[in-house]
Amino acid sequence: MKLPSHRTPRYVRNRLLQIAYRFINRFSPQISRRIIPHLSVLIKPHFVGLEIGAGASTIWFARRCYHLSSIEHSEKWHRKVQDWIKKKKLERKVTLYFAELASLGMPNSYLGAIKKIPNGSLDFVLVDGKYRDAVALASTNKLKSGGLLIIDDVHRYLPRVIPSSAPFARSNLAGCASDLWREFEELTASWEQVWRSDGVQDTVIFIKPIGG
């Protein structure tokens, strides 16, 4: 059987390093491990944040910020994370929402939950769930000036000036993965970016300009 083209020795090494890191750091966010030191510095104790896609990151962020709202579409993961929150005694610091994805004839409560959040009220947003293009675009207005917009697996959606070595990365020739991503790219063109790859996945931090 022919292996996928990205299964090179370099990728296998990076993947093993990722697995080892996550085994040692159980409640570390499931994002590029190379961006985590930056987040450790940038996330402040007074911050109020939003997480799209609950998981180990819920515990990590809740321990570092004042309050975290987390939106999850999977009932299984919602129950699992809810249990973690109780065991870690973080109930006062986390509000965990269950929001279903869109289905035929039903309103999209997942995206609707984000739209209900007041504009300019958040210090950071982690985009790591479904509908990432629509969520990322909607989140730009929810952030305060200087706020952080963190997007995981960004290499799959946005091209990078210096091409990424992560699998399925977008080339500059291919451009953005959707029209909404193209709109997002244009909207955030002036935002500072911290982009880090571990060879398996890329994560980027967009920093909203002061007064933006």
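Which residues of α1 are buried? Here are my notes, starting with that one; keep in mind that this is a predicted model.

1. **Helix α1.** The buried residues here are Tyr 11, Asn 14, Gln 18 and Arg 22. Around the axis they cover an arc of only 70°, which puts them on the same side of α1. Flip to the other side of α1 and you find exposed residues: Pro 9, Arg 13, Leu 16, Phe 23 and Ile 24. As for length, α1 runs over residues 9-24, 16 residues in total, and its first and last C-alpha atoms are 23 Å apart, close to the 22 Å expected at 1.5 Å a residue.

2. **Helix α4, length.** I checked this one in the same spirit. Its 13 residues (75-87) should span 18 Å at 1.5 Å a residue, and the C-alpha atoms at its ends are indeed 18 Å apart, so the two agree.

3. **Helix α4, two faces.** His 78, Val 81, Trp 84 and Ile 85 are buried in α4. Looking down the axis, the buried residues fall within an arc of 130°, so they line one face of the helix. The face turned away from that buried side carries Lys 76, Arg 79, Lys 86 and Lys 87, which are exposed. What do the buried residues of α4 pack against? Their partners are α3 (56-62), β2 (67-72) and β3 (94-98). Just past the end of α4, have a look at Lys 89, which takes a positive phi of about 55°.

4. **Strand β2.** Six of the six residues in β2 are buried, so the strand is largely enclosed by the rest of the structure. In a regular strand, side chains alternate between the two faces of the sheet. In β2, His 67, Ser 69 and Ile 71 sit on one side, with Leu 68, Ser 70 and Glu 72 on the other, and all are buried. Both faces of β2 are covered, then.

5. **β2 and its partners.** Strand β1 (residues 48-52) runs parallel to β2, and five bridges join them. In that pairing, Val 48 stands opposite His 67. To get from β1 to β2 the chain passes through α3, in a β-α-β crossover that is right-handed. Five bridges also join β2 to β3, again in parallel, and here Ser 69 stands opposite Thr 95 of β3. This time the chain crosses through α4, and the β-α-β crossover from β2 to β3 is right-handed.

6. **Leu 96.** This residue lies in strand β3 and, at 16% relative accessibility, counts as buried. Where does Leu 96 make its contacts, leaving aside neighbours within four places in sequence? The list is Ala 54, Ser 70, His 78, Val 81, Gln 82 and Ile 85. Several names here will be familiar from above: His 78, Val 81 and Ile 85 are among the buried residues of α4, and Ser 70 is a buried residue of β2. Arg 13, on the other hand, is 83 residues away from Leu 96 along the chain, and their C-alpha atoms are separated by 35 Å.

7. **Cysteines.** How many disulfides does the structure hold? Zero. Two cysteines to look at are Cys 65, buried with a relative accessible area of 2%, and Cys 176, which counts as buried at 7% relative accessibility.

Technical notes. Residues numbered from 1 in each chain as written. Predicted model: local features only at pLDDT ≥ 70, side-chain atom pairs only at ≥ 80, totals over all residues. Heavy atoms only, no water. Helix = DSSP H or I, 4+ residues; strand = E, 2+ residues; numbered from the N terminus. Expected span 1.5 Å × (residues − 1). Buried < 20%, exposed > 50% of the residue type's maximum accessible area, 1.4 Å probe, protein only. Arc of directions from axis to C-beta. Contact = heavy atoms within 4.5 Å. Pairing = 2+ DSSP bridges. Right-handed = clockwise from strand over helix to strand, strands pointing away. Disulfide = S-S within 2.5 Å.
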